[in-house]
Amino acid sequence: MSHQTVIVLDFGGQYNQLIARRVRECGVYCEVKPYTTPLAELQKMEPIGFIFTGGPNSVYLETSPQVDPAIFTLGVPVLGICYGCQLLAHHLGGRVTDAQDDSAREYGKTETFYDASCPLFKGLPESGISWMSHGDYMEKVPEGFTLAARSQACPNVAIADERRGFYGVQFHPEVNHTDHGVAMIRNFLYEVCHASGDWTMGDYKRTAVAAIREKVGAGRVLLALSGGVDSSVCAALLAEAVGEQLTCVFVDHGLMRKNEGDEVQAAFQSWAMHFVRVDAEARFLEKLAGVTEPERKRKIIGEEFIRVFEEEAKKIGAVDFLAQGTIYPDVIESGAGSAAVIKSHHNVGGLPDYVDFKEIIEPLRLLFKDEVRQLGRELGLPEYLVSRQPFPGPGLAIRVIGELTKEKLDTLRDADAVYREEIASAGLDREIGQYFAVLTNTRSVGVMGDGRTYDYTLALRAVNTSDFMTADWARIPYDVLDRVSTRIVNEVPGINRIVYDITSKPPATIEWE
Ligand code: XMP
């Protein structure tokens with residue numbers, strides 16, 4: 001697969017993945033690499049441009065992340081953002097110091113004035129709000145650079161050396177708070193790096209299909225399909241590439257949302273591949289009977305999943321490839337520290353030890369979540385699968401607090417379905433990051449008609465988040481909450497009280513268990 005590539009060199013800033021996503025949204029392929037990556041390795045990727053990210057350090061400290069200065073002799077354009085801008089200045093003969101004077105430190109939204117003759121700001125208005133976050137100050141601009149933007153407090157908010165294609169901005173063009181930030185990134189890519197815009201999901205699909213065919217040959221592929229976005233798109237891509245050589249095993253643990261198992265089956269049944277749905281609800285419920293502790297539930301579900309999958313895999317016999325729906329954010333190594341940030345996907349974790357196969361293939365390894373969804377659409381998957389919100393591997397087992405019963409799961413499924421329906425009809429389903437209902441184990445007294453009730457309390461949860469590490473509770477309009485509450489207590493037996501969870505993460509987590 002050869003696409004023009006931009007390298008985002010990661011110095012430990014908090015928006016680095018966002019930069020890469022923005023570049024790709026502009027139609028240019030991009031990878032994030034730790035700043036410690038040897039230059040020779042970066043050169044092998046034949047980048048058409050580098051973007052140096054922000055970072056928490058000061059460039060003039062000896063211990064701060066640096067670049068190999070030879071990077072500036074490659075004839076490849078560089079855009080430095082925040083720390084990246086200071087690094088550029090520091091290495092090319094400028095001087096960066098601690099902004100002693102508080103007025104030179106800038107944080108947050110700042111009115112910024114642009115020089116429209118600079119390629120980076122071509123076609124933009126003369127001024128706009130930009131998102132600043134820097135305590136250091138570029139005291140001396142390096143030779144060969146001109147000033148390309150300023151703010152009230154700072155004369156050199158952006159620097160440019162058009163001849164060499166080096167640009168630096170003190171603000172963050174990648175965040176939504178910066179007006180026209182994406183236009184600036186686009187300008188860097190197309191005006192400075194002369195990108196051709198060869199990164200589209202249609203192209204990606206064609207090249208990925210060809211690459212999978214070449215790799216798999218006449219071999220057989222096995223995939224554990226969970227019905228989540230990643231494994232669904234992975235299944236569709238593999239089916240397109242190798243058709244009948246693919247077997248998808250969908251372990252239906254009975255802990256999915258209302259109708260979800262049937263939806264997954266309906267979506268895949270007609271594809272040219274082997275689709276196996278294992279109805280394992282009874283097994284899972286039996287194993288989970290009487291268990292109340294959340295981590296214990298997780299462990300049981302993880303283990304049972306592997307057991308069921310293993311049994312199915314044995315029936316299929318030896319396969320050549322085990323496919324996994326790993327996506328790019330799971331494989332990016334951060335530039336800050338040496339630890340790789342890898343999420344453990346509990347629902348596939350551990351499988352390789354149990355199944356007879358030769359090699360793992362991960363056809364979505366290079367894609368961000370939004371790209372995975374786009375690819376799914378490209379492959380013709382139904383929208384309800386493609387735009388599905390994240391759903392934890394243990395499913396509703398961690399949304400029924402305490403002991404699980406089939407009855408409680410059904411109650412939660414019905415209530416959750418009403419909640420989702422109302423959120424969608426209010427047009428909020430694409431806006432809210434994740435939303436779901438939780439069946440608490442608290443019962444309280446209510447009155448229905450003329451009678452007393454003593455039923456369960458249902459909690460509604462909705463959060464907005466960019467990375468699921470932190471999250472803010474969503475401000476759902478009262479009238480929407482009102483409709484959800486009225487409908488659930490009227491339509492779902494066993495629930496007589498609804499509460500709305502107004503805690504963010506931290507201190508709470510997104511799920512209740
Ligand atoms: P928490 O509750 O930790 O959730 O704030 C963060 C995100 O992870 C999901 N989640 C899980 N996903 N297995 C999964 O595959 C799990 O055991 C699990 N627990 C939480 C949660 O839905 C949210 O998106």
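**View 1. Contacts and surroundings of Leu74 in the predicted model**. Once its neighbours within four places in sequence are set aside, Leu74 is in contact with Leu39, Gln43 and Phe50. In this predicted model, Leu74 belongs to the loop that joins β3 (47-52) and β4 (78-81). Is Leu74 buried, exposed or partly exposed? Its relative accessibility is 27%, and because buried means under 20% and exposed over 50%, Leu74 counts as partly exposed.

**View 2. Leu74 and Arg164 across the sequence**. These two residues are 90 residues apart in sequence, while their C-alpha atoms are 10.0 Å apart in space.

**View 3. Helix α9 and the glycine that comes just after it**. Helix α9 covers residues 294-316, and its 23 residues, taken at 1.5 Å a residue, should span 33 Å, which agrees with the 33 Å between its end C-alpha atoms. Just after α9 comes Gly317, which takes a positive phi of about 90°.

**View 4. The protein chain as the setting for the close-ups**. The protein chain has 14 helices and 20 strands, and its C-alpha atoms fill a box of roughly 80 × 65 × 40 Å along the principal axes. For 513 residues a compact globule would have a radius of gyration near 24 Å, and the 26 Å of the protein chain agrees with this. Buried residues make up 53% of the 513 residues, and of the contacts with a separation of 6 or more, 74% involve residues 24 or more positions apart.

**View 5. Surface and charges of the protein chain**. The accessible surface comes to about 22500 Å², with 49% of it belonging to carbon and sulfur atoms. The chain has 52 positive and 72 negative side chains, and the centres of the two sets lie 3 Å apart.

Notes. Residues are numbered from 1 along each chain as its sequence is written. This is a predicted model: local features need pLDDT of at least 70, side-chain atom pairs count only at pLDDT 80 or more; totals for chains, interfaces and linings use all residues. Side-chain values use heavy atoms; hydrogens and water are left out. Helices (H or I, at least four residues) and strands (E, at least two) are DSSP runs, numbered from the N terminus. The radius of gyration is taken over C-alpha atoms; the globule rule is 2.2 Å times the number of residues to the power 0.38. Buried means under 20% relative accessible area, exposed over 50%, partly exposed in between (1.4 Å probe, protein chains only). Contact means heavy atoms within 4.5 Å. Accessible areas come from the Shrake-Rupley method with a 1.4 Å probe; for residues, only the protein chains shown count as cover. Lys and Arg count as positive and Asp and Glu as negative; His and the chain ends are not counted. The place of a charge is taken as NZ of Lys, CZ of Arg, CG of Asp or CD of Glu. The expected span of a helix is 1.5 Å times one less than its number of residues.
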